[in-house]
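User: I should like to go through this model and ask, for each description, what justifies the term used. Please set each value against its criterion.

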Amino acid sequence: MDFSLSPEINDLRLRIRAFVDTHIIPLESDPNAYDDHENIAHEPLERLKKMAKSEGLWSLSLPNEFGGLGLKVAEIAPCYEEMNRSIFGPVCFNASAPDDGNMRVLAQVARPDQKEKWLRPIADGDIRSAFVMTEPLPGSGSDPSAMLTKAEKKGDKWVVNGRKWFITGAEAATHFILMAKTSEDARHGLTAFLFHKDQPGWRIVRRIPIMGPEEHGGHCELEFDNMEIPDEDRLMEVGEGLKVTQIRLGTARLTHCMRWLGLAERSMEIAADYVSKRESFGSTLAQHEGVQWMMGEVAMGIEVGRLLTMRAATKLDQGDFARKEVSMAKIQVADTLHLAADTAIQLNGARGYSKDTVLEWIYRYARQARLVDGASEVHKMVLARNFLAEGNDFWSWD
Ligand SMILES: Cc1cc2nc3c(=O)[nH]c(=O)nc-3n(C[C@H](O)[C@H](O)[C@H](O)COP(=O)(O)OP(=O)(O)OC[C@H]3O[C@@H](n4cnc5c(N)ncnc54)[C@H](O)[C@@H]3O)c2cc1C
């Protein structure tokens, strides 16, 4: 596979880099640029969204008819990486989770009238969205077949009852994609639905406090109490909920990897700057072999992560679900993000532990990477199952 970038994509990547350097990174050191949950505040965000739109840096992967650039997955990878060199980056370009994944799946599988109603306002950046799947005990987490939230058909409506949690962005979202159980069928028992925040029959039980900085709208626990959803707001066919999830999560997991690589690179930029200037025992820190080993290991990890990400992206662009390739990228990049943030904090000494840099923000944020969109252990299980089924063909060259 050839991962070299076309001149057009490289130009786009460099324009995003310049935008991040000029307009976004300076905000990180301004306390007024933060909201109450350590994310970018409303006013600077709206200003930057407008600017990104006017510079043609908006919704890279959406089709042109929805204001996007219609890029392939492998083409957005280097761009998303550049966006997340700032902790505030992706949301300014309409490329943050969960909107990014929600928009893409709607663009891929929704009916034309559903796209107009449910996708367009998210694509325009006017509203936010959420993806509602995970449940608290004893419901479904890693294993979707344990889902307890039910949707029962009554006439031309579905009636939903159940509980969900860790729903990113729910407090700020207007459009929701909901996964519910519609039959006992093991493969075709789930169905996807769309609902609007103003529909009656559901509520936010609480915004769950977490260890890291939050996405806008937090991570919420939701309760559904006889919520009615018209059948026309069903996404795909009855029983195709797992398919919707697979279509959404494959690319969504990979876009996490792209963004996390940007955060890992930024961590190393901060480390490189410090170790090049700080003198210790007769030389700069950068000249000590022990420091070089630490930095070399992370630099290699980032490159391995990029190669895995690009390989998975290329397969997705070829129409493959790329399950094992996405799982490998997700496991590796989550670990690399941890290692990069941890190494950068260590190399910055006491400064790394302070809030004078964004390293501590990245470090706390990084802990979710091994959990969100499938725990690393579950992705390793997927790899083992593939290996046991394929044998040596697991490492095929196609
Ligand atoms: C920050 C954040 C944002 C999230 N956003 C959303 C969202 O927007 N929408 C949504 O629906 N969900 C969301 N989630 C939920 C996330 O997708 C789940 O946390 C994830 O799928 C794991 O499910 P669980 O937490 O129920 O873990 P469980 O299924 O309870 O598993 C617990 C642990 O057991 C281990 N484990 C589980 N299964 C296996 C196995 N087969 N083999 C070996 N070990 C195993 C793993 O270590 C795992 O971490 C979010 C989670 C976080 C942390």
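Analyst: The model is a predicted one. A suitable place to begin is the ligand, whose shell draws at least three residues from each of domain 2 (128–239) and domain 3 (242–395).

User: Which residues come nearest to the ligand, and what makes a residue count as near?

Analyst: A residue counts as near if its C-beta atom, placed from the backbone, lies within 6 Å of the molecule. There are 20 residues around the ligand, and Met-133, Gly-141, Ser-142, Thr-168 and Ala-375 come nearest. At least two residues of the shell are supplied by each of β1 (128–132), β3 (157–168) and α12 (376–390).

User: How does the shell around the ligand divide into nonpolar, polar and charged residues?

Analyst: The division is 11 nonpolar, seven polar and two charged. Gly counts as polar in this scheme, whereas Ala and Met count as nonpolar. Therefore Gly-141 falls in the polar class, and Met-133 and Ala-375 in the nonpolar class.

User: Which domains does the assignment give, and how do you know that domain 1 touches domain 3?

Analyst: The assignment for the protein chain gives domain 1 (7–123), domain 2 (128–239) and domain 3 (242–395). Two residues are in contact if their C-beta atoms lie within 7 Å. By that criterion, 22 residues of domain 1 are in contact with 24 residues of domain 3. The C-alpha centres of these two domains lie 21 Å apart.

User: What makes up the side of domain 1 that touches domain 3?

Analyst: Helices α3 (73–83) and α5 (99–109) each supply at least two of its residues. The largest share, eight residues, comes from α3. By class, this side of domain 1 has 11 nonpolar, three polar and eight charged residues.

User: Why is α5 called oblique to α7?

Analyst: The axes of α5 and helix α7 (residues 241–277) cross at roughly 135° and come within 9 Å. An angle over 145 degrees would count as roughly antiparallel, and 65 to 115 as roughly perpendicular. The crossing angle falls in neither range, so α5 is oblique to α7. The crossing of α5 and α7 is right-handed.

User: Which residues form the contact of α5 with α7?

Analyst: On the α5 side they are Asp-100, Gly-101, Arg-104, Val-105, Gln-108 and Val-109, which meet Val-244, Ile-247, Arg-248, Thr-251, Ala-252 and Thr-255 in α7. These residues divide into five nonpolar, four polar and three charged.

User: How do you know that α1 is roughly parallel to α3?

Analyst: The axes of helix α1 (residues 7–24) and α3 cross at roughly 15° and come within 8 Å. Angles under 35 degrees count as roughly parallel, and therefore α1 is roughly parallel to α3. The crossing of α1 with α3 is right-handed. In their contact, Ile-9, Leu-12, Arg-13, Ile-16, Arg-17 and Val-20 of α1 meet Glu-75, Pro-78, Cys-79, Glu-82 and Met-83 of α3. Seven of the contact residues are nonpolar, no residue is polar and four are charged.

User: What makes α7 roughly antiparallel to α8?

Analyst: The axes of α7 and helix α8 (residues 289–317) come within 10 Å and cross at roughly 160°. The cut-off for roughly antiparallel is an angle over 145 degrees, so α7 is roughly antiparallel to α8. The crossing of α7 and α8 is left-handed. Among the residues of α7 that meet α8 are Leu-254, Met-258 and Leu-261, and those of α8 include Met-295, Ile-302 and Leu-316. The contact has 16 nonpolar, four polar and two charged residues.

User: Why are some parts of the backbone worth singling out, and where are they?

Analyst: Most residues other than glycine have a negative phi, and most peptide bonds are trans. The peptide bond from Ala-97 to Pro-98 is cis, with omega near 0°, and Pro-98 lies in the loop between α4 (89–92) and α5. The bond from Leu-137 to Pro-138 is also cis, with omega near 0°; Pro-138 lies in the loop between β1 and β2 (150–154). Phe-166, in strand β3, is not a glycine yet has a positive phi of about 60°.

Notes:
Residues numbered from 1 in each chain as written. Predicted model: local features only at pLDDT ≥ 70, side-chain atom pairs only at ≥ 80, totals over all residues. Helix = DSSP H or I, 4+ residues; strand = E, 2+ residues; numbered from the N terminus. Domains from an automatic or database assignment. Axes fitted to C-alpha atoms, helices over the stretch in contact; angles between N-to-C directions. Left-handed = near helix turned anticlockwise from the far one by under 90°.
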